Amino acid sequence: MMVTKLLIKIYGNRERATHSAEVLINNELEELDASAEFSVSDDNWLTVDITGEDSEFASNFLMQKFGTPVTEIMKNETYHGFIRQIHDDEIVVDVGILVTIPRKNLNNLGNGTAKQIATRFGIIRHLPVMIEITDEKANVGIFTKEQADLWWSWKKSEQDRVIANSVTRSELKAAIKKTGHARDIYGIERLGLMEHMITCRENTDGPGIVAAIGKLVKGELGVIRTSK
């Protein structure tokens with residue numbers, strides 16, 4: 001048996017999130033002689049117990065694809081993580097260790113408080129992100145250039161975008177269909193296990209989509225207005 005802790009955070013409705021993780025992982029393992037049992041660690045990471053002839057290969061494959069939470073960090077190294085908290089003066093990212101992104105390290109995302117910057121770019125809790133460590137002793141980092149460039153590319157595009165957490169893709173599609181907005185969007189992109197991005201059509205107002213589906217979606221919603 002191989003016990004593997006993956007960089008997949010389970011939050012909100014834990015039963016629903018764990019079920020979504022089971023479907024995702026089982027799809028990845030369907031060609032292998034490996035079966036998985038799922039649990040959630042005390043710090044809310046998905047833990048997978050893998051058995052079968054290909055268990056070691058399967059474990060290594062899953063760790064490479066999804067990553068694992070780290071127990072130590074090094075300066076100038078990059079890490080995948082998830083937005084944990086958003087405050088006026090900082091954004092906290094969970095990579096296995098809580099890393100603070102202070103306001104002074106957000107200058108590449110423009111003016112305002114950390115909370116205002118987060119609102120501008122649709123940054124909400126649990127959003128997957130990439131950071132670089134600037135001070136490993138103080139657990140301080142910065143969003144990578146690639147991460148900042150991605151957010152700016154969304155901001156400067158022709159379409160508004162809506163970011164959602166704690167929701168499955170099918171739930172999001174159902175909410176959009178029920179409110180009559182299916183023709184107003186290009187599609188839904190998976191960002192993480194329960195995190196998705198709706199790309200609106202050029203003439204569709206992102207805040208309008210948020211207002212329409214907000215009561216039908218249990219998670220948080222962020223919006224990225226184009227800068228045109």
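**Exercise 1.** In this predicted model, determine whether Lys5 is buried, partly exposed or exposed, and establish which parts of the chain its salt bridge with Asp43 ties together.

*Solution.*
Step 1. The relative accessible area of Lys5 is 35%. Buried requires under 20% and exposed over 50%, so Lys5 is partly exposed.
Step 2. Asp43 also counts as partly exposed, at 35% relative accessibility.
Step 3. The two side chains form a salt bridge, with a distance of 3.7 Å from N to O.
Step 4. Lys5 belongs to strand β1 (residues 2-9), while Asp43 is in the loop between β2 (35-40) and β3 (45-51); the pair therefore ties together parts that are 38 residues apart in sequence.

**Exercise 2.** Locate the partners of the salt bridge between Glu171 and Arg16, and classify Arg16 as buried or exposed.

*Solution.*
Step 1. The side chains of Glu171 and Arg16 meet at 2.5 Å, N to O.
Step 2. Glu171 lies in helix α5 (residues 169-178) and Arg16 in helix α1 (residues 14-29), so that distant parts of the chain, 155 residues apart, are linked.
Step 3. Arg16 has a relative accessible area of 16% and is buried, whereas Glu171, at 30%, is partly exposed.

**Exercise 3.** Identify the residues with the most contacts inside the largest nonpolar core, and state which elements give two or more residues to this core.

*Solution.*
Step 1. The core has 29 residues, and Val95, Ile131, Phe143 and Trp151 have the most contacts inside it.
Step 2. The contributing elements are β4 (78-86), β5 (90-94), β6 (98-102), α3 (114-120), β7 (128-135) and α4 (145-155).
Step 3. Another core, of 20 residues, lies apart from this one and includes Ala17 and Leu46.

Definitions and conventions. Residues are numbered from 1 along each chain as its sequence is written. This is a predicted model: local features need pLDDT of at least 70, side-chain atom pairs count only at pLDDT 80 or more; totals for chains, interfaces and linings use all residues. Side-chain values use heavy atoms; hydrogens and water are left out. A nonpolar core is a set of buried Ala, Val, Leu, Ile, Met, Phe, Trp, Tyr and Cys residues joined through side-chain atoms within 4.5 Å. Buried means under 20% relative accessible area, exposed over 50%, partly exposed in between (1.4 Å probe, protein chains only). Helices (H or I, at least four residues) and strands (E, at least two) are DSSP runs, numbered from the N terminus. A salt bridge is a side-chain nitrogen of Lys or Arg within 4 Å of a carboxyl oxygen of Asp or Glu.
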